4 protein chains.
Amino acid sequence: MDKIRLGMVGGGKDAFIGGVHRIAARIDGQFDLVAGALSSTPEKSRDSGQALGLSPDRCYGSYAEMANAEAARPDGIQAVSIVTPNHMHAGPAIEFLKHGIHVICDKPLAATMEQAEELATAVGQAKALFILTHNYTGYPMIRQARAMVAAGDLGALRVVQVEYPQDWLTEASELTGDNKQAEWRTDPARSGAGGCIGDIGSHAHNLACFVSGLKVESLAADLQTFVPGRRVDDNAHMLLRFGGGVRGMLWASQVAPGCENGLRLRVFGEKGGLEWAQEDPNYLWFTPFGEPKRLLTRAGAGAGDAANAVSRIPGGHPEGYLEGFANIYAGAADAIRAADAGQAPDLSLLPGLDAGLDGMRFIAAAIRSSNDNAAWVSL
Amino acid sequence: MDKIRLGMVGGGKDAFIGGVHRIAARIDGQFDLVAGALSSTPEKSRDSGQALGLSPDRCYGSYAEMANAEAARPDGIQAVSIVTPNHMHAGPAIEFLKHGIHVICDKPLAATMEQAEELATAVGQAKALFILTHNYTGYPMIRQARAMVAAGDLGALRVVQVEYPQDWLTEASELTGDNKQAEWRTDPARSGAGGCIGDIGSHAHNLACFVSGLKVESLAADLQTFVPGRRVDDNAHMLLRFGGGVRGMLWASQVAPGCENGLRLRVFGEKGGLEWAQEDPNYLWFTPFGEPKRLLTRAGAGAGDAANAVSRIPGGHPEGYLEGFANIYAGAADAIRAADAGQAPDLSLLPGLDAGLDGMRFIAAAIRSSNDNAAWVSL
Amino acid sequence: MDKIRLGMVGGGKDAFIGGVHRIAARIDGQFDLVAGALSSTPEKSRDSGQALGLSPDRCYGSYAEMANAEAARPDGIQAVSIVTPNHMHAGPAIEFLKHGIHVICDKPLAATMEQAEELATAVGQAKALFILTHNYTGYPMIRQARAMVAAGDLGALRVVQVEYPQDWLTEASELTGDNKQAEWRTDPARSGAGGCIGDIGSHAHNLACFVSGLKVESLAADLQTFVPGRRVDDNAHMLLRFGGGVRGMLWASQVAPGCENGLRLRVFGEKGGLEWAQEDPNYLWFTPFGEPKRLLTRAGAGAGDAANAVSRIPGGHPEGYLEGFANIYAGAADAIRAADAGQAPDLSLLPGLDAGLDGMRFIAAAIRSSNDNAAWVSL
Amino acid sequence: MDKIRLGMVGGGKDAFIGGVHRIAARIDGQFDLVAGALSSTPEKSRDSGQALGLSPDRCYGSYAEMANAEAARPDGIQAVSIVTPNHMHAGPAIEFLKHGIHVICDKPLAATMEQAEELATAVGQAKALFILTHNYTGYPMIRQARAMVAAGDLGALRVVQVEYPQDWLTEASELTGDNKQAEWRTDPARSGAGGCIGDIGSHAHNLACFVSGLKVESLAADLQTFVPGRRVDDNAHMLLRFGGGVRGMLWASQVAPGCENGLRLRVFGEKGGLEWAQEDPNYLWFTPFGEPKRLLTRAGAGAGDAANAVSRIPGGHPEGYLEGFANIYAGAADAIRAADAGQAPDLSLLPGLDAGLDGMRFIAAAIRSSNDNAAWVSL
């Protein structure tokens, strides 16, 4: 089976998420990275590309050039991964979609709602696919959790608790001059108006919705900026009202010392509860009311089809973040192959435009609510 | 050293917390239970008393009778434990205080703010002590946490997360006819207007304040009653604003399947974080920013004077809920002995009227906020 | 119900286990400590006794004096707790048994096999009861584990893994002059020939047998003394062969930095496994083969009669070491009341002479095996 | 940088470890799989190869054919991965080494000591590299642990405890006809004389030596076969004596229900201890004596150069088994590039022939000891 020819926008030196996308694309051997506009200048793009084994003539100085050139080649890329800072998602995505090239885009959809809407229009008009890497939905035990909720194992849901604390912005790292990640992620011009709420709160929101099968209907948010001089929020507290009378809370923080990447979800229904923590992703607690607590393990007893479909190795051999991310790429590969074969791709578990728009509305609502002293805002 | 002569109001058969108070009073051998108005009728009171080895003539049919009789005896009780449902706290407490008998009262202070204020007046006029068993403040590692915050080990605080989920009211246990605990705790006439928020939310609030050394200045609460027909809330979500710009969240629930008694506190400051969970109380995580995470253990390396003062046995030999509760009784014993010797008791770590009034204001504010669609309410 | 009148031998100042016995005796309010030979001189004994509220005339200068005097009083002690160093177990126990006073003795049975045999003879001739505080058998989830094995929930057993690492003797604390515990526990004249193997290896052995319902038939032991100058072993490695072809291992250490009191038992059968750790004693893992892992909790769903019979408070409210110890005292109280009422006491779960002799044989076999280069030795 | 051209022997359908090797080779993009003798017949080999995108003319019917053909091609493979059952390791390895092709071989070295010695001779004569995938040494926190021991952070070592329990052979899965893994791994003709001891005991042994920097000098082993009819051991208990007076234990089992892949290592020295568990590989406990326990995390505070050199993503984003395995491939890539460039490869952390021979001696010694009733056997 031929590999899917893949390009990449962003992901040059000093980038974090670009390397993650590349590993995710490699793990199952379904993609071949053959072109890139990896950096902001042609020289740096070529340097980065050569380190990755790209042919020099397919290391482009801009995404527009790349879209044109690749669309014109008989062996041009079939898909492109966009791994730039948030304000540079929509532009490239629209460009490649126009050229009929499938887009795999890092989240969030865009830095502003205006960009998001332009992109939405482009997706609506495109024949190519648009996939958004809400990667945490790729974890096997998250798939398991979603399937269990959908199967009614918890009964009617009541409460959803989600949190995502980190500590890497506890100090003003954006001012030290050697932390590019901190710089752009706290710069509203590049990250969008949301800081913590956009960067990781949006992951928490997405995960809560993905597993519960519900949408947040309204929220009341109290956003804070604790680090003096920071231009975006670095901590977010939120009350949530989901559809069906389900209530919840969301906490996201980048100033919580001791928390590395503490995404954690708990869902409770009339008949039972579920708990999952990203840092220990091969486990899922299932606590049916009145019965002993059960610890389900990836590929172990109790893991069902939904989890097993995205597991690669036996239980007890931990899969991690990269494999979870790779499951999004594996889903993308299936969808791309189907689409390129003229068939209807299965997009049921693949985050795309809708998840992206939900995320943008969530960020906007949180900021609006917080600016109005945590008044309720509908999404 | 003579034991302190102790009486008890409430705590007869079918009671839960009365037995806990008795064990807590016994553990350090400082109290001798010699009198009781244990049940609501003289016969049941006598039955319960005899099972506990009380002399029949000191098993009373009512607390008023007991207060009068014991105050008149030369060997009468020096202190009384009040372990009745919430609506029966203030009355007995006032009565015993009037007779100069020290009061150790289960929390909350009262079922209503009116009762609480009457009690406050009585405490203000009494020479006897009033102690409120906010027992979770007695855990050694909570004492350690409070001392570390006070010593500045976390730097200026920023975020306080507290939660207290349980699952025992997931179903309508108050209707089955065989669960007296569920009955009175969901009956507003006996428990007060708050259900979950009063029963356990108040513990969470108290603990957050005790450790952080802060007061909640305002809150925005979304209370729910999930179980059909229930007359009080069974789940509470809340945004908190503490003094000094510290922000927090509180979740309390009695309908979270899989959660037994999940009180858990996390405190984050500019320099580090702390995490403690009641179900594993001998551990305290301390996470100084930029350093390896440290797990402090009761009576182990890293435990300081504040914890060691209330530890009984070496590290690795777990102490639990009863020992934590007993630490309140141990503190009460010291205070009572000092007071009875005409000295000033050390009340710095002993919860009393102030903590009780804070708790009552917290419950009232939460209900008011929730009735006003989670608007901010000052305490 | 009148309390059982209790005396104590040992347990004065600087003692550890005496205080534990006293708390254990108090927790359920079944005993009243009224006499003691608490220290090695009459003066110190009186000082220690007064601090505990004993009447001065019942603070004795020697156990022999105490046995005589108490046996002669109409209100003399019914039972005595012996909490001295190991070499002082047998003498007092024999003396009190001769006077018809029930004995509750700390483990091990004695410092030497000769003492143990003398004591065995005395127990055989006595009408009074002899109870040995192998306290770890008192934990509710250990009772649960034993019941599950006995009920066949694991199928035929195959493997038993038990370990008991500590770290408090990592350095030569016995030489610093301020650590009485370290001094006598590393002094063969007081502790017996076994150091670590006698002090805690014997607990591990006892627990493995109690839960599995099996006896160790032979063992191959490799004992070490890592700390220079130490006169007894401080680390023990052992292969075990139980009855019925069950195999196992035992590790005990007092030089394992980071291990506080790490007693841990795992039992595996054809159909499932169990795991329990003393430092987190309210949990029991049950892992039926081919099914999700289950976490049973004390007083929670899945805990059965055996555990519930020795639980005091609801699940999620942790009980600890002192409550587990108190369960031995509670069992002793029942047995003593039955015996004193002329009835047959239920000794099925109460460790006594047999467990004590098994322990002595285990220690002796381990030392003999190790001296013979880990050759197999039958017990 | 051009990718290394890689071939594979074994790893067709129904194989487990072949897929793992392929992912490990892909993760860092350093290898390109271009040829294979994937199955035992030419047809199946071709089917398997095509599914992997191999050119049909490079899907070979036998490893010998492949070695000849590839060595003759100008674009022939530079390295080959051998992922067959144990009895098929030495033959192919020798063949490819003779043709100057680097060998990356799954462990153990061979099924018999005779094969191992032949292979050793071939390695000694070859210019090509021989790398053995003792993959657990690739985990970052294992590298960290090894570096900490070497740096003296634990002081002189005393005790090493290693265990590796699994449960997948609890029942006679080799007889059901649908479990090829169980079949060959319990067939002495294919796995070698050791069952559990060879399959996973050898991993435990290797890991203990890798981290401690020590060799096992002698052992006393008690091997069992619990499942009736099984032809190899399925449980192994062992006393270990390392160099320098260090003592240890090893337990390996494939019949321990509830244990998925429970490799766990604890190392204790005069000054501190370390603990690591494969199922949660991003954590390493470091417990310096007399100080609070510290939890080191991959890429987190406290992780040093040795760990960071083989970490790909930030702390809190879990890496797992496949990344650990990929670290062996990354090391192999570096070594192969160096060797092919005529430079001396850095083999200091790369397991090879020596580790393989140590493993073979370990397995043989364990079997010999067990056959002699657990007598001590020198390695």
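How many residues of domain 1 of chain A are in contact with residues of domain 2 of chain A? I looked this up before anything else, and I found 16 residues of domain 1 in contact with 18 residues of domain 2 of chain A, where contact means heavy atoms within 4.5 Å.

**Ground rules.** I noted that this is a predicted model, in which local features need pLDDT of at least 70 and side-chain atom pairs count only at pLDDT 80 or more, while totals for chains, interfaces and linings use all residues. Residues are numbered from 1 along each chain as its sequence is written, chains are lettered from A and ligands numbered from 1 in the order in which they are written, and side-chain values use heavy atoms, with hydrogens and water left out.

**Entry on the domains of chain A.** I took the division of chain A as domain 1 (4-128) and domain 2 (139-313 + 358-378), bounds that come from an automatic or database domain assignment. The centres of these two domains, taken over C-alpha atoms, are separated by 27 Å. Between them, domain 1 and domain 2 of chain A bury about 1,200 Å², with 59% of it on carbon and sulfur atoms; buried area is the accessible area (1.4 Å probe) that two parts lose on being put together, summed over both.

I then looked for charged pairs, and between domain 1 and domain 2 of chain A the count is one salt bridge, meaning a side-chain nitrogen of Lys or Arg within 4 Å of a carboxyl oxygen of Asp or Glu. A salt bridge joins the side chains of Asp28(A) and Arg312(A), at 2.8 Å from N to O. On the side of domain 1 of chain A that touches domain 2 of chain A, I listed 10 nonpolar, three polar and three charged residues; here Ala, Val, Leu, Ile, Met, Phe, Trp, Tyr, Cys and Pro count as nonpolar, Asp, Glu, Lys and Arg as charged, and the others, Gly among them, as polar. I also found seven residue pairs in polar contact across this domain interface, both residues being at pLDDT 80 or more. A polar contact is a pair of N or O atoms within 3.5 Å; within protein, one must be able to donate a hydrogen and the other to accept it, and residues adjacent in sequence count only if both atoms are side-chain atoms.

**Entry on salt bridges.** My search of the whole structure gave 84 salt bridges over all chains. In chain B, I looked at Arg312(B) and Asp28(B), whose side chains meet in a salt bridge at 2.8 Å, N to O. Arg312(B) lies in the loop between helix H10 (305-308) and helix H11 (321-340) of chain B, and Asp28(B) in the loop between helix H1 (17-27) and strand S2 (31-37) of chain B, so the pair ties together parts that are 284 residues apart in sequence. Helices (H or I, at least four residues) and strands (E, at least two) are DSSP runs, numbered from the N terminus.

**Entry on chains B and A.** I found that a rotation of 180 degrees with 0.0 Å of shift along its axis superposes chain B on chain A with an RMSD of 0.0 Å, the fit being by least squares on the C-alpha atoms of residues with pLDDT of at least 70 in both. Of the interface residues of chain B, 100% are also interface residues in chain A, so the copies meet through the same surface. The contact takes 44 residues from chain B and 44 residues from chain A, and the area buried between these chains is about 3,600 Å², of which carbon and sulfur atoms give 59%. Arg158(B), Pro257(B) and Phe289(B) supply 19% of the area that chain B buries against chain A, more than any other three residues.

Across the interface of chain B and chain A I counted eight salt bridges, and the side chains of Glu260(B) and Lys293(A) meet in a salt bridge at 3.9 Å, N to O. The side of chain B that touches chain A divides into 18 nonpolar, 13 polar and 13 charged residues.

**Entry on chains D and C.** Chain D can be laid on chain C by a turn of 180 degrees and a shift of 0.0 Å along the axis, with an RMSD of 0.0 Å. The two copies are thus related as by a two-fold rotation axis. I found eight salt bridges between chain D and chain C; Asp222(D) forms a salt bridge with Arg247(C), the closest N and O atoms being 2.9 Å apart.
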